[in-house]
Amino acid sequence: MQPNRKKRVALDVDGTLADVMPMWVKVYNEEYNKNLDYQNISQWAFWISLGITTREFFRIFSKAWSRWEEIQPTETNITQTIKTLNRLCVVDIVTGRTKDTLKFVKNWLRKHQIQYQNFIAVSSWQHKIYLPYDLYIDDSPDLAQLAAHKQKMVLLYNRPWNTMVMEGPWIKRINNLKEAIKTIVCD
Ligand SMILES: [Mg+2]
């Protein structure tokens with residue numbers, strides 16, 4: 001990287017900025033008449049153990065996002081934290097998702113005044129890694145492992161579904177987004 005060039009950061013939405021899983025669980029419980037507890041989700045592909053297909057997972061995911069006004073941020077003061085991140089880096093929202101949820105996500109980002117340069121939607125998380133970013137802030141264990149393999153830096157947002165990923169030269173864990181800023185400043 002050239003000296004003085006601002007780092008380009010790919011900032012994830014689901015599970016990193018927006019705490020969408022409680023809403024996913026709410027929709028699932030309503031539709032299936034179940035009592036799944038959000039706290040019990042400790043695996044990335046948890047829907048397999050529920051006996052539902054990936055397609056069904058995404059159908060519920062879309063329905064959860066249609067209730068975007070009820071989806072909470074992952075942490076308090078997120079507006080200010082992301083504003084600070086934008087002063088330090090070039091921040092793009094980079095999100096893997098189905099097209100039908102794009103308008104809901106954009107509404108959510110607007111509501112929570114999340115500042116960013118570009119909004120990049122990819123059809124699948126794997127595509128993120130081929131985009132020209134210096135740093136990824138994400139909660140996906142699969143992305144973290146692929147990034148490490150490709151020697152790209154990931155700040156892995158600590159969530160119950162990514163605990164199995166080990167830290168290493170290309171993966172650093174963060175408990176919150178303020179820690180991401182500290183890491184970038186000290187780098
Ligand atoms: Mg995510």
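Among contacts between residues at least 6 apart in sequence, 63% join residues at least 24 apart in this predicted chain. A reader tracing the fold will therefore often meet partners from well-separated parts of the sequence, since that 63% share of these contacts spans at least 24 places.

The overall dimensions come next. The radius of gyration is 16 Å, which agrees with the value near 16 Å expected for a compact globule of 187 residues. Along the principal axes, the C-alpha atoms fill a box of roughly 55 × 35 × 25 Å. Seven helices and eight strands make up the secondary structure listed for the chain. Of the 187 residues, 48% count as buried. The accessible surface comes to about 9,800 Å², and carbon and sulfur atoms account for 50% of that area. As for charge, there are 26 positive and 19 negative side chains, and the centres of the two sets lie 5 Å apart.

Helix α4 offers a helpful look at the interior. This helix covers residues 78-88, and its buried residues are Ile 78, Thr 81, Ile 82, Thr 84, Leu 85 and Asn 86. What do these buried residues pack against? Their partners are the strands β1 (8-11), β3 (72-73), β4 (90-96) and β6 (135-138), together with helix α7 (177-186).

A single residue in a strand can be followed in a similar way. Ile 120 belongs to strand β5, which runs over residues 119-122. Is Ile 120 buried, partly exposed or exposed? Its relative accessibility is 26%, so Ile 120 counts as partly exposed. Leaving aside neighbours within four places in sequence, Ile 120 is in contact with Asp 92, Ile 93, Val 94 and Thr 95, and also with Leu 131 and Tyr 133. Ile 71, by contrast, is 49 residues from Ile 120 along the chain, and the C-alpha atoms of the two are separated by 21 Å.

The model also holds a magnesium ion. Which protein residues act as its donors? They are Asp 12 (OD), Asp 14 (O) and Asp 139 (OD), lying 2.1 Å from the ion. Along the chain, the donors follow the spacing D-x1-D-x124-D. Two of these residues can also be described by their accessibility. Asp 12 has a relative accessibility of 5% and therefore counts as buried. Asp 14, at 11% relative accessibility, counts as buried too, because the cut-off for buried is under 20%.

Key
Residues are numbered from 1 along each chain as its sequence is written. This is a predicted model: local features need pLDDT of at least 70, side-chain atom pairs count only at pLDDT 80 or more; totals for chains, interfaces and linings use all residues. Side-chain values use heavy atoms; hydrogens and water are left out. Donors are N, O and S atoms within 2.8 Å of the metal (3.2 Å for Na, K and Ca); water is not among the atoms, so sites may look incomplete. Buried means under 20% relative accessible area, exposed over 50%, partly exposed in between (1.4 Å probe, protein chains only). Helices (H or I, at least four residues) and strands (E, at least two) are DSSP runs, numbered from the N terminus. The radius of gyration is taken over C-alpha atoms; the globule rule is 2.2 Å times the number of residues to the power 0.38. Contact means heavy atoms within 4.5 Å. Accessible areas come from the Shrake-Rupley method with a 1.4 Å probe; for residues, only the protein chains shown count as cover. Lys and Arg count as positive and Asp and Glu as negative; His and the chain ends are not counted. The place of a charge is taken as NZ of Lys, CZ of Arg, CG of Asp or CD of Glu.
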